[in-house]
Amino acid sequence: MEAALSGTDSDQRYWRLVRNRFRKKRSAVWALRVLYVFAFIALFADFIANEKPIYCKQEGTAYFPIFRQYLVDMGLAKPHVPFLHINWRERMDDFEAIYFPPIPYSYHTQDLKHLNFVGPFGEQDISSLHFRHWLGTDKLGRDVAAGMVNGTRMAMLIGIVAMGIAALIGVSLGAIAGYFGDSRLYWSRAGLIFTVIGVLAGLFYGFSVRSFALQEGNLAWELLISFLILAGSIFVFRRVSRLFESWTPLAKKIKIPLDLLVMRLIEIKRSIPTLLLLLAILALVSRPNIFYVMAIIGLLSWTNLARFMRGEMLRIRELEYMEATRALGYSHWRALFRHAIPNGLTPVLVSLSFGIAGAILTEASLSFIGIGVPPEQVTWGTMLYTARSTPYAWWLGLFPGLGIFLTVMAFNLVGEGLSEAIHAR
């Protein structure tokens, strides 16, 4: 009991040391504050830039159109019929009170009075300063400031989702490769054969057969269904394999060289330029979608995380507390997921920070060359793509470029600060 308490106290002292060392690096602290601002903008983008009002009152009844839209999108409410397809700016006099967000435009709102690249300092035909396009407009009359807000949300979403997928793959493969090595995992022939069959069947029925649903339906929901089909297929075939393990030819144990297989897979992936692989995969996608871009970036960005995790597992598996888990009779999988992986995630956090910056930059690069993201989707990269053909509209290149620069630099500085603080051990 005392040993457990002393271990907890040691962990607390270590993380306190990490926090104090991180705070001493002023550039990392300010970068983290910048990321807080970007995260706030991403979370509350609809309340910062929206053509709908936050609050309005008509005939004594109060309405909250933006909140209502959230409920409609989640299927918890129906849209208010009188407010469908309403031009809020032209109908302001119909309301007793109406309050718009700080930027009274959505990223897709077209202001027909300000088409063809109206600059921030250009003359604008507006009823009040609240409706001024402070950062100008693009060719279609869309507000650049609203596009910047939506671009912030998309950048944060791309970085987190892409690296979440990469972390799931990289941490899993790196952990089992480092922990089991080439000589610790034995599998019966029946288990191996039926697991392979389960994986192939799950990929076929979960992704190949459902390819139309993945392209036409809600991508996040359809992906979840596909992964559940894959997991269910593996589970069922693993259960079936136990019925055949009593048969002597299929009961023989086979040594699985996991470390060798994972490292060869990493080498194969790293031997192919990521950008070329991205372009090749995106060329096969019939309908561009920002979620496809996130998923593909994540599926191609796991190798560094796997190498970091493998190195940590090679160290952790020889420590005393891991020997204690084996002496107590814990299974390998329990020791791996309950003890080894949680204690090996610390260096992965640093790689994740750099990876998020890389994912944001990759998406911006793809959008800049007009690949992967649909034309109607507004991101920092698509705004730069528009600015490429209209160099005189300097505001279309300046503000998105500044946003990309600040975000990537902030994540890199936070990663550098974490690296120095964590290695204080």
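1. Start with the loop between β1 (55–58) and β2 (61–63), where you'll find Glu59. Keep in mind that this is a predicted model. Glu59 has a positive phi of about 50°, although it is not a glycine. Is Glu59 buried or exposed? Its relative accessibility is 73%, and exposed begins over 50%, so Glu59 counts as exposed.

2. Phe117 is worth a look alongside Glu59. Phe117 also isn't a glycine, yet has a positive phi, of about 60°. Its place is the loop between β3 (97–99) and α5 (144–180). The surroundings are another matter: Phe117 has 13% relative accessibility, and the cut-off for buried is under 20%, so Phe117 counts as buried.

3. Now step back to the whole protein. Its secondary structure adds up to 18 helices and 5 strands. Along the principal axes, the C-alpha atoms fill a box of roughly 80 × 55 × 50 Å. The protein has 425 residues, and 41% of them count as buried. If you take contacts between residues at least 6 apart in sequence, 72% join residues at least 24 apart.

4. A word on surface and charge. The accessible surface is about 23,700 Å², and carbon and sulfur atoms account for 64% of that. There are 42 positive and 30 negative charges, and the mean positions of the two sets lie 10 Å apart.

5. Aromatic rings deserve a point of their own, with 17 aromatic pairs counted in the protein. Take Phe47 and Tyr70: their ring centres are 5.9 Å apart and their planes meet at 15°, so this pair is stacked. Phe47 belongs to helix α3 (residues 45–48) and Tyr70 to helix α4 (residues 65–73), so the pair ties together parts 23 residues apart in sequence. Tyr70 has a relative accessibility of 28%, which makes it partly exposed. Both rings are also members of one aromatic cluster, made up of Phe47, Tyr55, Phe64, Phe67, Tyr70 and Tyr99.

6. Another pair to click on is Phe194 with Phe244. Why does this pair count as stacked? The ring centres of Phe194 and Phe244 are 5.1 Å apart and the planes are at 25°, and stacking calls for planes under 30 degrees apart, so the pair qualifies. Phe194 sits in helix α6 (residues 189–208) and Phe244 in helix α8 (residues 219–244), so to speak distant parts of the chain, 50 residues apart. As for cover, Phe194 is buried at a relative accessible area of 14%, whereas Phe244 is partly exposed at 34%.

7. Two arginines sit over tryptophan rings. The charged end of Arg33 is over the ring of Trp30, at 4.6 Å from the ring centre. Arg132 lies over the face of Trp134, and here the distance to the ring centre is 5.7 Å.

8. Last stop: Thr303, in helix α13 (residues 303–316). Thr303 has a relative accessible area of 6%, which puts it among the buried residues. Which residues does Thr303 contact, leaving aside its neighbours within four places in sequence? They are Ile266, Lys269 and Arg270.

Definitions and conventions: Residues are numbered from 1 along each chain as its sequence is written. This is a predicted model: local features need pLDDT of at least 70, side-chain atom pairs count only at pLDDT 80 or more; totals for chains, interfaces and linings use all residues. Side-chain values use heavy atoms; hydrogens and water are left out. Rings of Phe, Tyr and Trp (its six-membered ring) pair if their centres lie within 6.5 Å; planes under 30 degrees apart count as stacked, over 60 as edge-to-face and the rest as tilted. Helices (H or I, at least four residues) and strands (E, at least two) are DSSP runs, numbered from the N terminus. Buried means under 20% relative accessible area, exposed over 50%, partly exposed in between (1.4 Å probe, protein chains only). A charge sits over a ring if NZ of Lys or CZ of Arg is within 6 Å of the ring centre and within 35 degrees of the ring normal. Contact means heavy atoms within 4.5 Å. Accessible areas come from the Shrake-Rupley method with a 1.4 Å probe; for residues, only the protein chains shown count as cover. Lys and Arg count as positive and Asp and Glu as negative; His and the chain ends are not counted. The place of a charge is taken as NZ of Lys, CZ of Arg, CG of Asp or CD of Glu.
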